[in-house]
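This report examines selected features of the structure shown below. Please consult the sequence and the coordinates alongside the text.

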Amino acid sequence: MDSMVTCIAPVNIAVIKYWGKRDEKLILPLNDSVSGTLSTDQMHAKTTVMRCKDFTEDKIWLNGKEVSFSNPRLLSCMKEIRRLSRESGTSEDIVNTKVHICSENNFPTAAGLASSAAGYACLVFALKELFGVKQDITRVARLGSGSACRSIYGGFVRWHKGDLADGSDSIATQIAPPSHWPLHVFILVVNDKQKKIGSTPGMQRTALTSELVQYRIKESVPKRIEDIIQAVKERNFDKFAEITMKDSNQFHAVCLDTYPPNIYMNDISHEITSFVHTYNELFPKPKVAYTFDAGPNACIYLEEESVPDFAATLQYIFPPEETLESYFKGESVQFGTVNEGLRTYPQQSPGLLKYIIHTKIGDGPKRLDSS
Ligand code: DP6
């Protein structure tokens, strides 16, 4: 077994959102969720884990700075990995060796993207390799951050809420690999200074105060989960887009129904929403779908054939402040034609969007090297 392992792991963006826990410590959700895993080419967490008999304690560095190992979520991931390692037949010597962990993100935290999901998925995946763990590790990643369990697989992924009190059935499974439906994704990074309430306290507040969340978890989500899985399997973008946008809207409605409210979308986010609906109305069926997490940035899912025209129209309506080539980052973009129907849509003042990351559905975590 190698004594040093380096891995990268992807970000994932939910199309059926996880929001609310039934168990805070085990991070057990109130509802199932579904996400797309984004390519590690553009955004990833990178983690190196090392074990050495000379280390006297477990240590961790995040983006180059040593931080305390006392975080309860980190401790519970470590404890669970060592338990599973023992169960997998790894020798006590190895199981008990202390580790040093270095973790970093290659994307700016300013992007407000689910960095904890990629980070914990990467950490747990690397530790699994280091300690010879053979069992499912999605439930270990879940102990770090709920949404992290979905970053353990590529393509489209479902996190089953599970029913058991110990959380053993609250795991993630792959719905389809990336090759099945390599949808493209634009992340519209919105200019915003406002400090937002984090996901963890935000969802606690929702679980305690929202009436609408009960309707969401009992009535809306179970049907949406089945329908979106079918849409993915059939590569039915029309259906996928409608469910994705409705679920994002309902998630934010639940956030507003929380008291005091969790306000994540801002005026620019709402402008993007109405732009997307206008864009889609000009086509016989939806061409693009938005979804918003706990922040103002939009994540747009679209089919490959829609990329050139949508990129051109998006750039026309939301002009950049700076030079054009730096506006789109990531995968290269071939610009098509600006949609004629949108020529009369009010052009927005330059700089509302900081930049746009062009990426697509991709693989799960991978190991980079070993020694
Ligand atoms: C809006 O997984 O960050 O992105 O489990 O408390 O760490 P914790 O929360 P986290 O919540 C993500 C919420 C979301 C929706 C989603 O990804 O499903």
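## The bend in helix H6

In this predicted model, helix H6 bends by about 40° at Ser220, and the proline Pro222 follows within four residues. The helix runs over residues 212–234 and so contains 23 residues; at 1.5 Å a residue it should span 33 Å, and the 31 Å between its end C-alpha atoms agrees with this expectation.

The buried residues of H6 are Val213, Arg216, Ile217, Val221, Arg224, Ile225, Ile228, Ala231 and Val232. They pack against four strands, namely E2 (12–16), E5 (33–37), E10 (156–159) and E11 (172–176), and against the helices H5 (199–209) and H7 (237–257).

## Unusual backbone geometry

Most residues other than glycine have a negative phi, and most peptide bonds are trans. Arg235, which follows H6, has a positive phi near 50°. Arg235 belongs to the loop between H6 and H7 and counts as partly exposed because it has 13 C-beta neighbours inside 10 Å.

Asn63 also has a positive phi, near 45°. This residue sits in the loop between strand E7 (59–62) and strand E8 (65–67); with 12 C-beta neighbours inside 10 Å, Asn63 counts as exposed. A cis peptide bond, with omega near -10°, leads from Tyr259 to Pro260, and Pro260 is placed in the loop between H7 and H8.

## Asn266 in the loop before H8

The loop between H7 and helix H8 (267–281) also holds Asn266. Asn266 has 16 other C-beta atoms within 10 Å and is therefore partly exposed. Beyond its neighbours within four places in sequence, Asn266 is in contact with Val190, Asp192 and Pro296. Its C-alpha atom is separated by 35 Å from that of Ile60, a residue 206 positions away along the chain.

## Thr206 in helix H5

Thr206 is part of helix H5. It counts as buried because 24 C-beta neighbours lie inside 10 Å, where 20 or more are required.

Apart from neighbours within four places in sequence, the contacts of Thr206 are Trp19, Gly20, Val213, Val254, Cys255, Thr258 and Asn262. Among these contacts, Val254 is 48 residues from Thr206 along the chain, yet the two C-alpha atoms are separated by 7.3 Å. Val213, another of these contacts, is one of the buried residues of H6.

## The largest nonpolar core

In soluble globular proteins, nonpolar side chains tend to be buried together. Here the largest nonpolar core has 104 residues, of which Ala121, Cys122, Val124, Leu188 and Ile300 touch the most other members. Helix H3 provides the largest share of this core, eleven residues.

Cys122 illustrates the connections of one such member. When residues up to four places away in sequence are not counted, Cys122 touches Cys7, Ile8, Ala9, Ala45, Lys46, Thr47, Ser103 and Pro365.

## The shell around the ligand

The ligand is surrounded by 15 residues, the closest being Ala14, Tyr18, Ser145, Gly146 and Ser147. By class, this shell comprises six nonpolar, seven polar and two charged residues.

Helices H3 (115–130) and H5 each supply at least two residues of the shell. H3 thus appears in this setting as well as in the largest nonpolar core, while H5 also packs against the buried residues of H6.

How values were computed. Residues numbered from 1 in each chain as written. Predicted model: local features only at pLDDT ≥ 70, side-chain atom pairs only at ≥ 80, totals over all residues. Expected span 1.5 Å × (residues − 1). Bend = angle between axes of the 7 residues up to and from the residue. Contact = placed C-beta atoms within 7 Å. Near = placed C-beta within 6 Å. Nonpolar A, V, L, I, M, F, W, Y, C, P; charged D, E, K, R; others polar. Core = buried A, V, L, I, M, F, W, Y, C linked by C-beta atoms within 7 Å.
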